[in-house]
There are 2 protein chains.
Amino acid sequence: MNFLEERIVKDGVVKEGNVLKVDSFLNHQMDIKLLDQMGAEFRRRFAGRPINKILTIEASGIGIACVAAQHFDVPVVFAKKSQSINLDGEMYVAEVESFTHKCVNHVIVAKKFLNPDDHVLIIDDFLANGCALQGLIQIVQSAGATVEGIGIAIEKGFQSGGRIIRNLGFQLESLAIVDGMNAETGEIKFRDQSKMAAGSGCIEPKDGEICRSSTLD
Amino acid sequence: MNFLEERIVKDGVVKEGNVLKVDSFLNHQMDIKLLDQMGAEFRRRFAGRPINKILTIEASGIGIACVAAQHFDVPVVFAKKSQSINLDGEMYVAEVESFTHKCVNHVIVAKKFLNPDDHVLIIDDFLANGCALQGLIQIVQSAGATVEGIGIAIEKGFQSGGRIIRNLGFQLESLAIVDGMNAETGEIKFRDQSKMAAGSGCIEPKDGEICRSSTLD
């Protein structure tokens, strides 16, 4: 187990409905030393990539992104989430429709903060069905910028987001991939990432796990 | 001028209605080196205070708080904002009513992350009427914890929040205090903080600038 998997086993709490609570160290209270270790590990995994900007999404991605940014020596841009928007032409807006949550959200970035010269590392805390992440990718591409990679703290490997994004050819690095959880025993099963290159089973998206996203102009 | 005031003059944009846009370096795109300088300055201003936790509020406070936390070697807790809440007894909730914006917001922190042993530094990006900040102070006090200080990036000195909070006896340190702005010329007038101990004019809250907050149980 790596340092994040160890911490999840120590302080994470498994709840009914495949919910993993990590609010004591990652997304409500934040252990800054852990975030710093995560930043160093992202730097290692994306070594050689010409990253000049980190993009994340409010709220819990911001802390991880800002601490990681110190390892890359780049600025951070955070996308805003909103259910209603005024399209004023100065914003990139991705409309993200979640069939799981049965709602439409907008992911918004001011146009002036992304341009074709940008080589972007996207960072977020969780990846499940990947709806928000797909919105971020679209926004980077709308700007003519390059997605150099995607760094995630915890991926729910039993949902389809990670598979879809890897199939699209992106370098997606999740520091911990949870393949299964048991709320009764508290047991958490992590994917052995050393075997991932050889393929570790295809996951087909299930109904209710898909999201659709599109950019607005 | 200090480093933050210089940066505001260089990259801030004054808009009609006393709006100061600092989204290119502070609250949409974030200059991480600047945040690090701010963290070091907060450390200097709160030297000797037995701070063991930083409390901030989503979203734009989080980056500043996380980078500052590295200078204090403490964890960060961020409060969540919500217009609707389920009171489940495990949360501290401050109801913050803004007469300016004519709405009620809830500021929420899980009870398990604040306790009577905590000595808290509150950090946020902006202070104007201080409504959200008053909610955070209340939550710390509800937990029986101690507010050791309040660190703000930019205070709008012509609004009443800063005066009210200083009058309550808190050590409030704003790295830049804007006493006036001119949208036509772009001019920004900063308060000379070296004279603050001697008093620099009382500001009475005007109608529409007051907020009322209360904790819920």
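The following dialogue explains, for a predicted model, how several descriptive terms apply to the two chains.

Reader: What should be known about the numbering and the model?

Author: Residues are numbered from 1 along each chain as its sequence is written, and chains are lettered from A and ligands numbered from 1 in the order in which they are written. The model is predicted, so local features need pLDDT of at least 70, side-chain atom pairs count only at pLDDT 80 or more, and totals for chains, interfaces and linings use all residues, while side-chain values use heavy atoms, with hydrogens and water left out.

Reader: What does chain A contain, in helices and strands?

Author: Chain A has five helices and 12 strands. These are DSSP runs numbered from the N terminus, a helix being H or I over at least four residues and a strand being E over at least two. Of the 217 residues in chain A, 53% are buried. Buried means under 20% relative accessible area, exposed means over 50%, and partly exposed lies in between, with a 1.4 Å probe and protein chains only.

Reader: Why are the two copies said to be related as by a two-fold rotation axis?

Author: Chain A is laid on chain B by a turn of 180° and a shift of 0.0 Å along the axis, with an RMSD of 0.0 Å. The two copies are thus related as by a two-fold rotation axis. The superposition is by least squares on the C-alpha atoms of residues with pLDDT of at least 70 in both copies.

Reader: How do you know that the copies meet through the same surface?

Author: Of the interface residues of chain A, 100% are also interface residues in chain B, so the copies meet through the same surface.

Reader: What makes R7(A) and D11(A) a salt bridge?

Author: The term requires a side-chain nitrogen of Lys or Arg within 4 Å of a carboxyl oxygen of Asp or Glu. In R7(A) and D11(A) the closest N and O atoms are 2.7 Å apart, and the pair therefore meets the rule. Both residues belong to helix α1 (residues 3-11) of chain A, where they are four residues apart and so separated by about one helical turn. R7(A), K10(A), D11(A) and D31(A) are linked in a network of salt bridges. Over all chains, the rule gives 26 salt bridges.

Reader: Why is R7(A) called buried and D11(A) partly exposed?

Author: R7(A) has a relative accessible area of 19%, which is under 20%, and therefore counts as buried. D11(A), at 25% relative accessibility, falls between the two limits and so counts as partly exposed.

Reader: Which salt bridge links distant parts of chain A?

Author: D118(A) and K53(A) meet in a salt bridge at 3.2 Å, N to O. This pair links distant parts of the chain, with D118(A) in the loop between β7 (103-110) and β8 (119-127), K53(A) in strand β4 (residues 53-57), and their positions 65 residues apart. Both D118(A) and K53(A) are buried.

Reader: How do you know that K33(B) and D73(A) join two chains?

Author: Their side chains form a salt bridge of 3.3 Å, N to O. K33(B) lies in helix α2 (residues 32-45) of chain B and D73(A) in the loop between α3 (61-72) and β5 (76-82) of chain A, so the pair joins two chains. K33(B) is exposed at 56% relative accessibility, and D73(A) is exposed at 54%. D73(A) also has a positive phi of about 55°, although it is not a glycine.

Reader: Why are α2(A) and α3(A) called oblique to each other?

Author: These helices pack at an angle of about 50°, with their axes 8 Å apart. Angles under 35 degrees count as roughly parallel, over 145 as roughly antiparallel, 65 to 115 as roughly perpendicular, and the rest as oblique. An angle of about 50° belongs to the rest, and α2(A) and α3(A) are therefore oblique. The axes are lines fitted to C-alpha atoms over the stretch in contact, and angles run from 0 to 180 degrees between N-to-C directions. Contact means heavy atoms within 4.5 Å. Residues making this contact include L35(A) and F42(A) of α2(A), and I64(A) and V67(A) of α3(A).

Reader: What angle is found between α2(B) and α3(B)?

Author: In chain B the angle is about 55°, with the axes 8 Å apart. That makes α2(B) oblique to α3(B).

Reader: Which peptide bonds are cis?

Author: Among them, a cis bond joins E58(A) and A59(A), with omega about -5°, and another runs from E58(B) to A59(B), with omega near 0°. A59(A) is in the loop between β4 and α3 of chain A.
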